[in-house]
Amino acid sequence: MLSASATTPATSAAASFDNIPKDDKRITRGWTFYDWANSVYPLVITSSIFPIYWGAMVKQVTGTDSGKSPVNFLGFQVPGSSLLTYAISAAFLFIAIISPFLTSLADFSGRKKLFMQIFCYLGAASCAALFFFTPDTLTLSTFVFILATIGFSGSIVFYNSYLPLISSEEKYDSLSARGFSMGYIGSVLLLLVCLGLIMGHEAIGLEEGFATRLAFLLTGLWWAGFAQIPFFALPADPGRPASAAADSGWLLNGFRELGKVWDQLKHLPNLKRFLLAYFTYNMGVQTVMYVATIFGDEELKLESSALILTILLLQIVGILGAYLFSKLSERIGNTRALSWSVFIWMLICVAGYYVQAGWSFYALASVIGLTMGAVQSLSRSTYSKIIPENTPNTAAFFSFFDVTEKLSIVIGTAVFGLIAQITGSMRNSILSLIVFFILGLIFLLRLRGRKLRD
């Protein structure tokens, strides 16, 4: 059992966060602006400009016209396109290992915002550092990309953990959808600026490679700059009493907080069912999001302009999808709405195997965009409805959600890269993802007809 001095900080932190007003417009609006700030990372870095630039650097390093050509990475010969997916896997594996401990410490000390800021600035600085990515720095830049991914994924868990603290339960779906929509809008605006720089580089006297790397710098500055809005609006961390600050046992107490949540999970069957479903279908969703540009570049041989147009299409349609499925969930329930979105993803995998450059590719991209925002937004809000009501350990609970997400990305991207490396075709990798969606749908169906919170 914890001593009285050990439990005081957790109680103090919980009490402070309990005083947060629900549905306060200033707080909720500020919270959604973190989506606006950090969504430029998944759009510019993981989905559009960076993968294309990565492929160009691989071609320069290998002296070939294929981004699949092997490159020397720490003494190993690895296909360039597979190396990028392996780097993503490594980053998410690292954050999956450390985030449960960090979030339990955040709950115990009441320092959610501090941890969120640390990861935010790590990710933003790493994005800016990609400005120095050249063929001579491929290995170093791979590690910088991994740090940027760690910063992005690490900050998200603390950001998500604020949702049940600042919103009433009946507004989880709409607020979550609004956050994702804000992210789509903000990231599209920056992408348009970056495209203007790259496509008009000659008019402003810049080399194309320099203009592209400038986009990475702008991404870091946008992320860190707009993050100041949520950092100002979100409630201040309560911190720990001075007596507890001097107590060297605070680290162990953080681990004990994690143990408490783990014990609670054993008595929350619906939470375990949902995490299992989320783990499986998210392997497919996130993998498609991370490899779509590489697939279009290497498998369909699309021009860079066509790829960027596709990514813009995904973002715009994603806004609509998040809101449509939010309204659908109000009518038929969260698990039914999620089940429909996962079923659509199954069809996407089959279509992805046969898709060719042209109208069929853009049609498929539209469907992906429609369900991409939906499944992410609904997953976050559904989890918020399942965790115990008014729990002070929101960050620790969301760390399990976050670890589930990160491990699914590790496995999904690693399987995708491995199948592509063995078979020589990413089409086979796309088709194989259908297994994850089938399993996810089966597990989701086990929740149908049940009250979400046990």
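**Exercise 1. Place Gly196 in the structure and state whether Gly196 is buried, partly exposed or exposed.**

Solution. Step 1: Gly196 belongs to helix α9; helices (H or I, at least four residues) and strands (E, at least two) are DSSP runs, numbered from the N terminus. Step 2: the relative accessible area of Gly196 is 44%, so Gly196 is partly exposed. The classes are buried under 20% relative accessible area, exposed over 50%, and partly exposed in between, with a 1.4 Å probe and protein chains only. Step 3: Ala215 is 19 residues from Gly196 along the chain, and their C-alpha atoms are separated by 10.0 Å.

This is a predicted model, in which local features need pLDDT of at least 70 and side-chain atom pairs count only at pLDDT 80 or more, while totals for chains, interfaces and linings use all residues. Residues are numbered from 1 along each chain as its sequence is written, and side-chain values use heavy atoms, with hydrogens and water left out.

**Exercise 2. Describe how α9 and α10 pack.**

Solution. Step 1: two packed helices are described by the angle between their axes and the distance between the axes. Axes are lines fitted to C-alpha atoms, for helices over the stretch in contact, and angles run from 0 to 180 degrees between N-to-C directions. Step 2: the axes of α9 (residues 172-199) and α10 (residues 208-226) cross at roughly 155° and come within 9 Å. Step 3: α9 is therefore roughly antiparallel to α10. Angles under 35 degrees count as roughly parallel, over 145 as roughly antiparallel, 65 to 115 as roughly perpendicular and the rest as oblique. Step 4: α9 contributes Gly186, Leu189, Leu190, Val193, Cys194, Leu197 and Ile198 to the contact, and α10 contributes Glu208, Ala211, Thr212, Leu214, Ala215, Leu218, Thr219 and Trp222. Contact means heavy atoms within 4.5 Å. Step 5: sorted by class, the residues of this contact are 11 nonpolar, three polar and one charged. Ala, Val, Leu, Ile, Met, Phe, Trp, Tyr, Cys and Pro count as nonpolar, Asp, Glu, Lys and Arg as charged, and the others, Gly among them, as polar.

**Exercise 3. Find the place of Phe131 and list what Phe131 contacts.**

Solution. Step 1: Phe131 sits in the loop between α6 (112-129) and α7 (138-161). Step 2: with a relative accessible area of 16%, Phe131 is buried. Step 3: neighbours within four places in sequence aside, Phe131 is in contact with Phe210, Arg213, Leu214, Phe216 and Leu217. Step 4: Ala215 is 84 residues from Phe131 in sequence, yet the C-alpha to C-alpha distance is 7.9 Å.

**Exercise 4. Follow α3 and its packing against α2 and α4.**

Solution. Step 1: eight of the eight residues of α3 are buried. Step 2: α2 (residues 25-38) and α3 (residues 40-47) pack at about 15°, their axes being 5 Å apart, so these helices are roughly parallel to each other. Step 3: Trp36, Ala37 and Asn38 of α2 make this contact with Val40, Tyr41 and Pro42 of α3. The contact holds five nonpolar residues, one polar and no charged. Step 4: between α3 and α4 (residues 49-62) the angle is about 20° and the axes are 3 Å apart, so α3 is roughly parallel to α4. Step 5: here Leu43, Val44, Ile45, Thr46 and Ser47 of α3 meet Ile49, Phe50 and Pro51 of α4. By class there are six nonpolar, two polar and no charged residues.

**Exercise 5. State what is notable about the phi of Asp23.**

Solution. Step 1: most residues other than glycine have a negative phi. Step 2: Asp23 is not a glycine, but has a positive phi of about 60°. Step 3: Asp23 is located in the loop between α1 (4-18) and α2, and is partly exposed at a relative accessible area of 25%.

**Exercise 6. Count the disulfides and examine Cys127.**

Solution. Step 1: there are zero disulfides, a disulfide being a pair of cysteine sulfur atoms within 2.5 Å. Step 2: the closest cysteine sulfur to that of Cys127 is in Cys120, at 9.9 Å, which is too far for a bond. Step 3: Cys127 is buried, at 0% relative accessibility. Cys194 is also buried, at 0% relative accessibility.

**Exercise 7. Locate Asn160 and name the residues that Asn160 touches.**

Solution. Step 1: Asn160 is in helix α7. Step 2: its relative accessibility is 7%, so Asn160 counts as buried. Step 3: not counting residues up to four places away in sequence, Asn160 touches Arg380, Phe398 and Phe401.
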